[in-house]
Structures are given as structure tokens and as C-alpha cells.
Amino acid sequence: MRHGFIKVAAVTPTVHLANPEGNADEIIRLSKYASDEGAKLIVFPELSVTGATLGDLFLHKQIISGAEAAICRIAAETTELPSVICVGAPVLRENKLYNCAVVIYGGMILGIAPKKTLCAKGIMDKRVFTPAPEKCGTVEFGGICVPFGHNMTFYCEGMHDFNFACEIGADLYGCTPASENHCRAGATVVAGLSAMPETVGMAERRRLFAASHSAHTSCGYILAEAGYGESTTDCVFGGHRLICEAGNTIAETKPFCGEDEDCPVTFSEIDVSKLAYERMRRGDFETIEVTADNYYSISFDMELCDTELTRKIQQLPFVPEDAQACRDRCEEILNIQAHGLKRRLCHTGAKSAVIGISGGLDSCLALLVSVRAMELLGRTNSDIIAVTMPCFGTTSRTRTNAERLCERLGVSFRCVDIKAAVNQHFSDIGHDAECRNVVYENVQARERTQVIMDIANAEGGIVIGTGDLSELALGWATFNGDHMSMYGVNSSVPKTLIRHIVAYAADTCGDGELKSVLLDILATPVSPELLPAEEGDKIAQKTEDIVGPYELHDFFLYYFVRFGMSPDKLYRMACHAFSGIYDGETVKRWLDTFLGRFVSQQFKRSCLPDGPSVGSVSLSPRGGFSMPSDALSAVFFE
């Protein structure tokens, strides 16, 4: 539970129809197994104590009283388990029968939540059950008075972000799911007990509803469907189990995949702290006032402990794992960038787009975007002026790639050797050219910016910025050098994603020679090339050797900015995600680098040029992440 991770379990027991005692055996066995595996919230299917397909047998007192006795036994025999258990059962109240979720913890029944939306088909509960009453109340159950009502949430005393509610079957599929109000009342997790039969397309419908609902309400959703043992007279139940978090399916057992398992349990960890942060960040998440009249808010006390992470944490959070989804993402981003640049070129009446081309990834993408923008405008690529500006660190590989790229794209190409101008500037300011410090490097970067700015003025054009999101996060740019432009098309695209966009362009360009040069640019180490090349014309200054791997920095950036995660949580998640690739010491080293640079380099981001936002993480001072330039980083190192 440390860092907000709650291990949860969705369980599909083998059902013994009309045999509550036999079902209690199975529920107790599987609850103990799930609890031993670390699950703190265990969800069983709808009517799991009796079976969901009893039809009119539900009305028989032997079934009703048997279910009550079975639940009391489940509570008694799970007293020592440090887990909350949600089971489905019929409950009689004031001569009306309700389809309920019964919440059990520490030998106690914390509450009973009746189903609100009844089905006419499937388990046909409209024939025998009554919809949940609007107001909360109590019910005599097992000899004690128990809270009763569909408006009910349960929260952990020591960790209020661990707040859950129950939803049953068809309640999920209405125009307004019953759990929407639960989430607005504070629930970060929804336990979905269900017995919806399998029909063509039903599994996909479940995924869609559970994932979209978890996105809409910024919650975790645990769905446990009825499975083997239910009657197949008219329907078949597949035991589908899903665990979703904020729109993503983080664990799933597909229908009919768990029938032969001794322990048909699906586990994962839901990050309730992340969900709470997302609601706070959204601004449009409307809460409702919880009062005794409209909601029962029931507390339970659970000892906090570490949660072993078993869920997959994506190493590249900006890059979709699915190949087709990644291609679609690349195409979408190129379109956003190109249409943004198209509008800026139209508005300014620019005769040309001027780009400093280095033979590296960032300027390559900016050039590809500019080509697409000219196509949208119906203009020729010759209206793009690509300028290569070799100096002390330029290698033949990057210079050749820059020339080949421009030739294949048919853009106007210029070469301006800046060595003489830089040496003159060294002389003017009294800098020893043998002293290869920050002055040595920044003079080159600012000279390049001056050259392309002046060419843009001379040609009636605008300078297209090439700097990317990852560089801006680290402040890895020369202030008023490559930091500056008239429109920064890459400003919200991280380095790890740029690699995939350029690879996508290579795969789809339809030009063998262009593909060849794009692939070689991808294979070239990232470098500002501001220090003289090593022997053999090899790049001497490799960015990732200096500031760290971009895959780590993009990981830190995404979770720090998007979800406000603490340094110790970032460290833990990165160690889990990159296990076997980076050891803990390496992760700690580059995390400290990221945090220190991210905070100290805000002054560069406070005066960024315009550029299109393409994703959920932006560092634009106008609409993206906002922070003062003089914030201190000490709080992140405590």
C-alpha cells in the first residue's frame, strides 16, 4: 500500500448452484489464497454465494436463509485476513428480495449494497429482485443491524485515497452508471460484481465500458464475472475478469480462460494516489457532498504495508506498446505539428521556413514536419531553407546525412561554415579557444541561431525550432541559442517518441534512399557536436553519456509532471520498469540529475517560443506545466 499501490483481486469461483454452503467453501478458499498473495480488496461475482442462475428458486426461504448463513460463515472464517472481501448474495429486507454486494472485513459485515438496475434477460433478476431503494438504511442480517443502500462507500482509516464502492452487473451499462456518484462521493476504486452471460461482442463491450468508465471518473475498476458452474440452460458464463485504471486495462483474464484453474484469480495493483492526484489536477471532476442523508461512508482500519509490484509499468510511457497504435500516434502527431506550422506560415505571410539542419534526430523531424506543412499549403519544398552550419565538432557522418536528407526532400540547402565567425567572437570577448568550457560551446550555438535568424529576415521567412520536450525538461539547450525560434514544432514531443516518428517516416516514405538516410540518422548518437571530434572523425560529445539516458528521463518526466509523483515513488517505479536494464544506483543517479535540472532550468522554459502541444505533458509557460523560475529543488532531495 506504500506509494498508493493497492493490490486487488478479481475472482471467479466454481459455482455450486443452490448450494450456499459449498459456495462458501470455495469463496473462503480463494479469499485465503488471494489474501496470501497480498490482495487487499477481493471481488467475487454477482450472486456468487448461491449462483446467479437460480431463477424462481431465489424466492425460496431455504436459499435466502442458506445464503445468510454462508455469508456469516465466510465472515467468521476470514476474520484474520487483512483483506476486504466483496461477495454477491440475495438479501431479504422488509419482505423484498435484493440482489446485493456484501462487504466483509475482519469478521464483520461492513455494509450491504443492493443492485439498482435490474435485467430482464440473462439472470432475469427482474422476476425476483427489487431495485435498490433511493435512501440508505439498515437491514437485520446475521443477528446484527447492517448498513444497507446502494449509495455507500468504504474507506481505509490510514489511507483515505483507498476508498471503494460496489456496483453490480447492469449498473455499469446504464446511461449514468451507478458508480459515477460513488466516485463523485470519493470512491477511487469500484468493485464490479457481475453475472452477464457471454454473447457475441460482449467481452469487448465490457472492456470498453469498464475502461471508459474508469477514464471518465478517474477510478480503478475491478470486474469479476460469473463463470463455470452456472446453469447453461439459456446462457453461458465465461468468467471474464478485468482490472482497469484511468482508462487502461492493467490486467485481464479473457472469457473461458480460467475454467481449469485451481485458483481462478486475476491480480494487479491499482495506484489510488495517482487517481486522487488526477482528480485534483483535472479541475472538471465534480464531487458531491457526502451527508448522512445521501451516503453511507463506512471506515475500516487496515495496517499499511508494502505492496509488491507485479503489474507491468511501461518503460516508454509516451510510446504506445501496440505497433499499430504507435504508427497511428506517429501519424497523428505529424499532422498536429504540420497543421500548427501551416497556420503560423499563413498568419505571418512567411515566404520561407528556415531550419538549422544538423543531421540529428530533432532537426530531421522538424524538417519532415515542414515538408508536410508545405504540402498542406500546396507550396513547393524549395520554400524550405535548410541551413547546415559546420563547426569544431561536426563530423562527416552528420554533415553528409544533413546534405542527403535535404537533397531527397528537395528543399533549398545552404552551408554556412561558422568556424571563422566563432573564432572572431572568441577574440572579441577575450576567450581562449583552447578553453573548452560552456562559453566555448554556447558561442557556437548562439552563432548558429544568429545565422538562421538573419537568413529568415533576409528571405522573409520564420525560423522553425527543433528543440524537443526532453531537452526542455532538462534545460539541455543554450539560452537564446538553440533554445530560441519563431515556432518550435517539436516543443512537446519527447525524445523517445521522436525516434519512433522518424522510424515511422522511414517506413512509410516510399523512397529507398530517403529511408536509408533516416535510418542512419536514427542510428547516430544524440549529440550537440560542440566539442571537436575524436580520432577517426567520431562524435566526442554524446548527450546521454552526460545527462543520462533519455528513456529514463522521459519516464521521470511523464510521471513527475503528469501525476505529480514523489521522488521515492519515481525511483521505485523506474527500478521495477527497468529491472535488468538499470540497477538501483544508476536509476538514483539519473533521477537526481533529472530533478535538479528540471527545477533549476525553468527560466529557459518561462520564455519559450510558441509551439503546438501534442500530448498530455507540455512545458509551455502559457498552457502547460507552470512553476516559478526561482523554485528550490531541495524539497525533492529530502
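## Cavities and salt bridges

The count comes to 3 cavities of 30 Å³ or more. Keep in mind that this is a predicted model.

Let's look at the second largest cavity, which holds about 70 Å³ of space. Its lining is made up of 13 residues, and those nearest the centre are Ser491, Leu608, Gly611, Ser618 and Ser620. Sorted by class, the lining has 6 polar, 5 nonpolar and 2 charged residues.

Now for the charged pairs. Side chains of opposite charge can pair when their charged atoms come close. Searching the whole structure turns up 33 salt bridges, including these:

| Salt bridge | Closest N to O |
|---|---|
| Arg2 and Asp306 | 2.6 Å |
| Glu204 and Arg207 | 3.0 Å |
| Arg499 and Glu544 | 3.6 Å |

Arg2 and Asp306 meet in a salt bridge that links distant parts of the chain, 304 residues apart. Arg2 sits in the segment before strand 1 (5-11), while Asp306 is in the loop between strand 15 (296-300) and helix 6 (323-348). Arg2 has 39% relative accessibility, so it counts as partly exposed, whereas Asp306, at 52%, counts as exposed.

Glu204 and Arg207 are both in helix 4 (residues 202-216), and because they are 3 residues apart there, about one helical turn separates them. Glu204 is partly exposed, at 48% relative accessible area.

The Arg499 and Glu544 salt bridge pairs helix 12 (residues 495-508) with helix 14 (residues 543-546), so it ties together parts 45 residues apart in sequence. Arg499 is partly exposed at 25%, and Glu544 is partly exposed at 28%. Elsewhere, Glu21, Asp25, Arg73 and Glu77 are joined into one network by salt bridges that share partners.

Notes: Residues numbered from 1 in each chain as written. Predicted model: local features only at pLDDT ≥ 70, side-chain atom pairs only at ≥ 80, totals over all residues. Heavy atoms only, no water. 1 Å grid on protein atoms, 1.4 Å probe; cavity = no way out; pocket = protein on both sides within 12 Å on 5 of 7 lines; lining within 4 Å. Points joined across faces, edges and corners; volume = space filled by probe spheres on them. Nonpolar A, V, L, I, M, F, W, Y, C, P; charged D, E, K, R; others polar. Salt bridge = Lys/Arg side-chain N within 4 Å of Asp/Glu carboxyl O. Helix = DSSP H or I, 4+ residues; strand = E, 2+ residues; numbered from the N terminus. Buried < 20%, exposed > 50% of the residue type's maximum accessible area, 1.4 Å probe, protein only.
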